[in-house]
Amino acid sequence: MTRVVIVGGGPGGYESALVAAQLGAEVVVVDSDGLGGSAVLTDCVPSKTLIATAEVMTDFGEAGELGIDVAAPRVDLARVNARVKALALAQSADIESRLAREGVTVVHGRGRLDGPSRVVATATDGTETTYDADAVLLATGAAPRVLDTAQPDGERILTWEQVYDLGEMPEHVIVVGSGVTGAEFASAYQSLGIPVTLVSSRDRVLPGEDQDAAQVLEDVLTRRGMTVLSRSRMQSVSRDGEVVTVTLADGREVTGSHCILALGSVPNTAGIGLESAGVTLDDGGFVKVDRVSRTSAPGVYAAGDCTGVFMLASVAAMQGRIAMAHVLGDAVQPLDLGVVASNVFTSPEIATVGVTQQQVDSGEVLAEVVMQPLATNARAKMQGIVDGFVKLFVAPGSRSLLGGVVVGPRASELIHPVALAVTERITADQLAQTFTVYPSISGSIAEAARRLHRA
């Protein structure tokens, strides 16, 4: 029987364990932080649970448009955060139960490599246990990046993993960083009724996302009262009692009651024996892998945020599944980042898949583009939705869908038919001729596709 030892219990780790067990391997997971990893315990699940509460507050705030008078709702942040943490722990427990049912051995401890085919697990009491392996999967994840000039204190200067201990509503939150994490927290706290200032070193919010989508989001955030400081690089963050000061590179100062640092991530790859085992890291400390998750060391694979490939839980899980299929002789389809669907959980949401507007504008990809505003959609009008759109990219010759963008409420759900079309190379006409419900927001996807028809 093949023995697989997995270091890390996040999506890249536990999903790999389930696949390996299904394929008949003996599986050991060495986990130090709790099954589910940061995705379940401190990042994705908690943040989206907080955002779910924020969405309800957004609905209350816009209920007047529908003729509903709602007394001013009040957020009890302590209760919100208690629910967030309880749900995360419950999800982690569900994962542990599932692994146990599948016969996976879970070892609680910090794992490190002792050569390419051996893992040493160190328990909290210092006890070490060694596991020889036919294959090793590294799924150690990543942690919030901090700077010497902006050190979190866990009380008022916070990373995105520390916000769930807040017991009272902040008076004014300063979010440093306008990438996905920063934009999501800024949007969520604003929806909860907290004044927010977003500090962005770039010229717009979400510089890595579709420019049209990012502009819609920034317009909505500023219309709702957020202060967005673009081209404003943070120099330092300091605290004096209950006041937090963010000093910008040009000398300006922004004060608030709390600051959330969203400065990116660093991989958890230091001090676990990777280099001595022959595992090559890039300049940022991320593990280098190929499209079937192999590292430079024979028999050692890696998945998830520690690889820096595409820092999404769904990609981590897919990398892990691919690795186990490759190890255990199952059918393998190498990772294709061109069909990854992703979502920014702001209000409105921004969902994307496939080819981007930037690739088209630069000439890297030839595509016809159509953008259909949601404001013309009957269901959107009924629900009071005025912001958002569907954008599709189609190949000039084959007419197959190359990519798409959806901006609006629940865009994360609406992107799936576009992702399916991109993955299966469905043409614009085929997408247009597929029945949609009337009225429905998804009808705008078919309407956009109809606009791409050629007689």
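Leu 206 is buried in the predicted model, with a relative accessible area of 1%. The residue lies in the loop that runs between strand S11 (196-199) and helix H6 (211-223). Its backbone is unusual in sign: Leu 206 is not a glycine, yet its phi is positive, at about 50°. Most residues other than glycine have a negative phi, and most peptide bonds are trans. A second case of positive phi in a residue that is not a glycine is Ser 293, with a value of about 75°. Ser 293 belongs to the loop between strand S17 (265-267) and strand S18 (300-302). With a relative accessible area of 2%, Ser 293 counts as buried because this value is under 20%.

Two cis peptide bonds are also found, each preceding a proline. In one of them, the bond from Ser 347 to Pro 348, omega is near 5°. Pro 348 is placed in the loop between strand S19 (341-344) and strand S20 (349-354). In the other, the bond from Tyr 438 to Pro 439, omega is near -5°. Here the proline sits between two helices, Pro 439 being part of the loop that connects helix H11 (428-432) with helix H12 (443-450).

At the level of the whole chain, the assignment gives three parts: domain 1 (3-144 + 266-328), domain 2 (157-263) and domain 3 (348-452). Domain 1 is thus listed as two segments, with the range of domain 2 falling between them in the numbering. Pro 348, the residue that follows the cis bond from Ser 347, is where the range of domain 3 begins.

The interface of domain 2 and domain 3 was examined further. The C-alpha centres of these two domains are separated by 30 Å. Contact involves 10 residues on the side of domain 2 and 11 residues on the side of domain 3. The area buried between the two domains is about 830 Å², and carbon and sulfur atoms account for 64% of it. Three salt bridges are found across this interface. By class, the residues of domain 2 that touch domain 3 comprise six nonpolar and four charged residues, with no polar residue among them. A salt bridge is formed by Asp 387 and Arg 223, whose closest N and O atoms are 2.6 Å apart. Arg 223 is also the last residue in the range of helix H6 (211-223), the helix that follows the loop of Leu 206. Polar contacts between domain 2 and domain 3 amount to three residue pairs, counted with both residues at pLDDT 80 or more.

Conventions
Residues are numbered from 1 along each chain as its sequence is written. This is a predicted model: local features need pLDDT of at least 70, side-chain atom pairs count only at pLDDT 80 or more; totals for chains, interfaces and linings use all residues. Side-chain values use heavy atoms; hydrogens and water are left out. Helices (H or I, at least four residues) and strands (E, at least two) are DSSP runs, numbered from the N terminus. Buried means under 20% relative accessible area, exposed over 50%, partly exposed in between (1.4 Å probe, protein chains only). Domain bounds come from an automatic or database domain assignment. Contact means heavy atoms within 4.5 Å. Buried area is the accessible area (1.4 Å probe) that two parts lose on being put together, summed over both. A salt bridge is a side-chain nitrogen of Lys or Arg within 4 Å of a carboxyl oxygen of Asp or Glu. A polar contact is a pair of N or O atoms within 3.5 Å; within protein, one must be able to donate a hydrogen and the other to accept it, and residues adjacent in sequence count only if both atoms are side-chain atoms. Ala, Val, Leu, Ile, Met, Phe, Trp, Tyr, Cys and Pro count as nonpolar, Asp, Glu, Lys and Arg as charged, and the others, Gly among them, as polar.
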